[in-house]
Amino acid sequence: MSTILEVEDLRIRRGGVQVLDLPRFSVAADDKVAVVGPNGAGKSSLLLGLACLLRHESGTISFRGEPVMEREETAYRRRIAMVFQEALLFDTTVLDNVAEGLRIRGTGRSEARDIAQDSLELFKVGHLAGRSAHKLSGGEAQRVSLARAFAVRPELLLMDEPFSSLDLPTRIVLAEDLGRILHESGTAAIIATHDRIEAFHIVDRLVVMDCGRIIQDGTPNEVLAHPVNAFVAAFRRSAGAA
């Protein structure tokens with residue numbers, strides 16, 4: 001499978017402190033990747049950097065073989081989508097929230113609403129289309145947020161701990177649904193998480209980070225069965241105990 005995203009020598013500082021140092025990182029067009037690690041490991045900085053929402057001090061990001069130049073970042077961001085920890089929904093109807101990204105990309109109003117409704121149905125919240133987005137439960141709001149991301153048909157989906165504020169039963173069901181949708185659609189995805197439930201329901205590749213660096217990268221079974229050091233082994237033990 002072809003490479004969709006490739007990073008070389010990417011370094012990012014926040015507040016004068018280096019938070020990301022990636023000599024090399026790549027994602028294939030069908031990859032489902034979980035980035036795991038403790039708070040401060042660099043997971044969010046990685047996703048924000050890949051989305052060009054954090055300025056990098058050095059390095060290159062290439063998308064489908066073409067370097068993403070500063071003047072081309074808007075066009076690049078329209079080919080990807082990002083879901084945050086908080087749903088960040090507008091104070092309007094659920095349907096209008098999901099259709100907004102399509103309208104920004106020039107899709108006609110009627111077509112945008114049809115696509116938005118289909119995306120809501122995909123995430124089992126089509127019946128909420130006319131409801132105010134600010135009157136949703138946490139699980140409903142995150143399903144709408146995911147539907148909004150999928151509606152624009154991204155080539156790459158980035159998710160920054162999207163289920164961390166949800167209760168365990170809701171996380172499990174939503175992770176299962178998301179994993180199924182990602183694999184059926186063939187959408188490449190990177191999810192930052194510290195939760196093994198999300199990681200193992202959704203992905204086929206596990207990246208362990210600490211202090212802004214990738215410590216190990218492999219299939220979940222490879223990482224858990226053959227940790228490269230004590231840090232990764234500690235993650236394995238905590239995953240097995242949950």
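A salt bridge is taken here as a side-chain nitrogen of Lys or Arg within 4 Å of a carboxyl oxygen of Asp or Glu. In the predicted model, 19 such salt bridges are present. One of them joins the side chains of R213 and D21, with an N to O distance of 2.9 Å. This contact links distant parts of the chain, since R213 belongs to strand β10 (residues 213-218) and D21 to strand β2, 192 residues apart. R213 is partly exposed, with a relative accessible area of 43%, whereas D21 is buried at 6%.

A second salt bridge is found between the side chains of R55 and E73, at 2.7 Å from N to O. R55 is located in the loop between α1 and β4 and E73 in helix α2 (residues 73-77), so the pair ties together parts that are 18 residues apart in sequence. R55 is partly exposed, with a relative accessible area of 47%; E73 is buried, with a value of 7%.

A salt bridge of 3.7 Å (N to O) connects the side chains of R180 and E184. Both residues lie in helix α6 (residues 168-185), where they are 4 residues apart, about one turn of the helix. R180 is partly exposed at 32% relative accessibility, and E184 is exposed at 60%. The two residues also belong to a network of salt bridges that links K124, R143, D177, R180 and E184.

K124, a member of this network, is found in the loop between α4 and α5 (138-151). Its phi is positive, about 65 degrees, although K124 is not a glycine. Most residues other than glycine have a negative phi. C52 likewise is not a glycine and has a positive phi, of about 60 degrees. C52 is placed in the loop between α1 (43-50) and β4 (58-63), and is buried, with a relative accessible area of 9%.

Strand β2, which contains D21, is part of an open sheet of 4 strands in the order β2-β1-β4-β5, with antiparallel pairing. The edges are occupied by β2 (17-28) and β5 (66-67), each having a single partner strand, so one side of each is left without a neighbour in the sheet. Between strand β1 (residues 3-14) and β2, the antiparallel pairing extends over 10 bridges, and I12 stands opposite L20 in β2.

Parallel pairing is found for strand β3. This strand pairs with strand β8 (residues 188-193) over 5 bridges in the parallel sense, with K32 opposite A189 in β8. Pairing of β3 with strand β9 (residues 205-210) is also parallel and covers 4 bridges; V207 in β9 is the bridge partner of V35. In a regular strand the side chains alternate between the two faces of the sheet. In β3, K32, A34 and V36 point one way and V33 and V35 the other way, and all are buried. With 5 of the 5 residues of β3 (residues 32-36) buried, the strand is largely enclosed by the rest of the structure.

On the surface, E111, D114, D118 and E121 form a negative patch. D118 lies in helix α4 (residues 109-122). The relative accessible area of D118 is 54%, and the residue is therefore classed as exposed, the cut-off for this class being over 50%.

Note on methods: Residues numbered from 1 in each chain as written. Predicted model: local features only at pLDDT ≥ 70, side-chain atom pairs only at ≥ 80, totals over all residues. Heavy atoms only, no water. Patch = residues over 30% accessible without salt bridge, like charges linked within 9 Å, V, L, I, M, F, W, Y side chains within 5 Å. Areas by Shrake-Rupley, 256 points an atom, 1.4 Å probe, with all protein chains shown as cover. Lys, Arg positive; Asp, Glu negative; His and termini not counted. Charge placed at Lys NZ, Arg CZ, Asp CG, Glu CD. Helix = DSSP H or I, 4+ residues; strand = E, 2+ residues; numbered from the N terminus. Buried < 20%, exposed > 50% of the residue type's maximum accessible area, 1.4 Å probe, protein only. Pairing = 2+ DSSP bridges.
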